[in-house]
Amino acid sequence: MDIIAKLGSPFSKPDFTIGVATSSFQIEGDAEHREKSIWDTFCETPGKIADHSHGLVACEHVKHWESDIDIIDALNVDAYRFSVSWPRVIRQDGSVNDDGLAFYIGLLDRLIEKGIRPYVTLYHWDLPQYLEDEGGWLNRQTAYAFEKYAEVVVKAFGNRVYSYATLNEPFCSAYLGYEVGIHAPGMVGKEFGKKAIHHLLLAHGLAMRVLREHAPTIESGIVLNFTPFYPASNEEKDVIATKLAHDHHNDWYIKPLIHGEYPELIKHIPNAHKPDVHPGDMEVISESIDFLGVNYYTRARVQDNGSEDPHQMPPAEGKETTAMGWEVFPQGLTDLLVQLHRDYTLPPIIITENGLASDDEMTPDGQVKDLQRQRYLNSHMNAVADAMAQGVNITGYFVWSLMDNFEWALGYEKRFGILYVDYDSQVRTLKDSAKSLQAMLVKRKALHNQG
Ligand code: FCB
């Protein structure tokens with residue numbers, strides 16, 4: 001099966017960026033050369049990770065980074081999105097770990113040498129445990145610690161970086177980590193989520209100012225995840241519940257960034273749940289961004305259940321789902337992008353993550369026939385192209401993920417990669433999806449070279 005590459009598709013244009021993505025904790029390993037992160041602690045806590053695994057070894061990317069870059073290069077992608085591990089860069093005593101920085105600088109230099117554009121995310125959830133010990137994202141000081149960390153990184157990396165994202169999916173850090181507790185640090189309480197997100201957004205704004213000062217020519221922004229919500233029925237109460245879910249889970253994150261204010265909903269939530277907003281915070285948070293990263297996986301249908309947390313229903317009977325149990329719904333991506341474009345005046349959008357987990361198995365002759373992933377990538381790339389046809393400015397698309405990796409609370413059971421990783425031997429094998437993406441990218445390059 002071919003992945004897109006239809007002549008005339010925006011994906012075939014030279015100015016559209018196509019890449020693959022990973023994150024530090026999910027692939028790096030080499031835990032002995034960095035500080036502990038909240039995810040290490042979470043993994044040590046019984047019952048938190050489905051397969052009782054941890055990120056100490058992961059894909060041993062720190063060991064295999066050179067051959068990993070060779071594979072990325074062979075795929076013919078334009079760009080590689082990865083994240084920097086904060087606990088690998090700043091030690092508990094506040095000093096800078098030069099070896100940690102050197103690892104990333106070597107990686108960046110090699111990417112540049114190969115003509116692959118580096119898209120660097122400063123924070124993909126691996127908060128140093130020593131900061132969590134002081135309250136983590138519930139402590140305003142963590143935002144200032146992030147500002148300092150960002151300055152160290154940005155100064156050290158210089159002009160090697162093509163694009164910076166401050167945070168990846170602050171929804172997950174705040175809501176999953178501090179409100180419902182299914183991610184590190186595993187705190188539970190309605191009074192925590194919106195306080196944590198305020199400090200995360202503040203950290204983003206402070207880091208944006210650092211980027212503006214020290215990397216004024218590098219395009220910088222933030223990556224958010226969105227779930228488009230649809231009412232489970234036409235009944236008014238479900239429609240209202242759907243709007244509430246949207247306000248809580250989507251708008252709460254984008255509105256402060258673009259409009260410098262939280263949604264109306266802030267007036268209606270109990271005082272104890274409200275964020276601690278200081279004068280001037282919203283100006284910092286709404287510092288202009290050069291791009292908005294959008295991560296999309298699935299949609300949710302919403303049913304009113306009388307509570308302030310509307311019920312998100314499982315996919316309807318007969319709908320195609322992924323190994324995560326998530327509905328395959330490419331139209332949701334088009335709808336989401338069109339809605340964002342309608343509701344906000346946005347900078348260019350980059351799809352910074354899209355992909356799926358499937359129960360991939362290797363055949364005796366070393367093939368991984370991940371047909372569902374090929375169909376999924378195809379239909380979602382077409383969904384992006386549809387949104388572009390409706391006027392949404394989208395400049396890039398990254399597949400999540402380059403390789404199978406540590407899928408957070410689900411451990412290594414869920415395989416999101418276009419490369420299959422054998423965790424015993426650490427051998428990476430191109431799944432069929434990687435081969436077809438590669439074929440498409442080779443064809444595309446040939447087209448560009450013809451001029
Ligand atoms: C996103 C995360 C990424 C990965 C994918 C499946 O929420 O950013 O690290 O876990 O989901």
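How far is an oxygen atom of the ligand from an N or O atom in the side chain of Gln26? In this predicted model, the two are 2.8 Å apart. Let us start from that contact and work outwards.

Gln26 has company. A polar side-chain atom of Asn168 lies 3.0 Å from an oxygen atom of the ligand, and for a polar side-chain atom of Glu407 the distance to a ligand oxygen is 2.8 Å. How much of the ligand does the protein bury? Taken alone, the ligand would expose 290 Å², and the protein buries 95% of that area.

Now look at the residues around the ligand. Besides Gln26, Asn168 and Glu407, they include His124, Trp125, Glu169 and Tyr297. Glu353, Trp400, Trp408 and Phe416 belong to this group too. Sorted by class, this shell has five nonpolar, three polar and three charged residues.

Let us step back to the space that holds the ligand. Rolling a probe the size of a water molecule over the atoms shows where empty space is left. In this model, the ligand sits in the largest pocket, which holds about 1100 Å³ of space. A total of 42 residues line this pocket, and the closest to its centre are Phe171, Leu176, Asn225, Thr227 and Trp326.

Which elements give two or more residues to that lining? They are helix H8 (170-178), helix H10 (236-259), strand E8 (300-303) and strand E9 (311-313). Of these contributors, H8 gives the most, with four residues. By class, the lining has 23 nonpolar, 12 polar and seven charged residues.

There is another pocket to visit. The second largest pocket has about 200 Å³ of space. Among the residues that line the second largest pocket are Trp86, Ile90, Arg91, Tyr130, Lys148 and Tyr149. Helix H6 (129-132) and helix H7 (141-157) are the elements that give two or more residues to the lining here. The largest share, four residues, comes from H7. By class, the lining of the second largest pocket divides into eight nonpolar, one polar and two charged residues.

Finally, follow the backbone to a few details worth finding in the 3D view. Which peptide bond leading to Pro185 is cis? The bond from Ala184 to Pro185 is, with omega near 5°. Pro185 lies in the loop between H8 and helix H9 (190-214), and H8 is the helix that gives four residues to the lining of the largest pocket.

A cis peptide bond also runs from Trp400 to Ser401, with omega near 10°. You have met Trp400 already, as one of the residues around the ligand. Ser401 lies in the loop between strand E11 (394-400) and strand E12 (419-422).

The last stop is His52. Although His52 is not a glycine, it has a positive phi of about 60°. To find His52, look in the loop between helix H2 (38-44) and helix H3 (61-75).

Conventions:
Residues numbered from 1 in each chain as written. Predicted model: local features only at pLDDT ≥ 70, side-chain atom pairs only at ≥ 80, totals over all residues. Heavy atoms only, no water. Near = heavy atom within 4 Å. Polar contact = N/O pair within 3.5 Å; in protein donor to acceptor, adjacent residues only side chain to side chain. Areas by Shrake-Rupley, 256 points an atom, 1.4 Å probe, with all protein chains shown as cover. 1 Å grid on protein atoms, 1.4 Å probe; cavity = no way out; pocket = protein on both sides within 12 Å on 5 of 7 lines; lining within 4 Å. Sits in = over half its atoms within 2 Å of the grid points. Nonpolar A, V, L, I, M, F, W, Y, C, P; charged D, E, K, R; others polar. Points joined across faces, edges and corners; volume = space filled by probe spheres on them.
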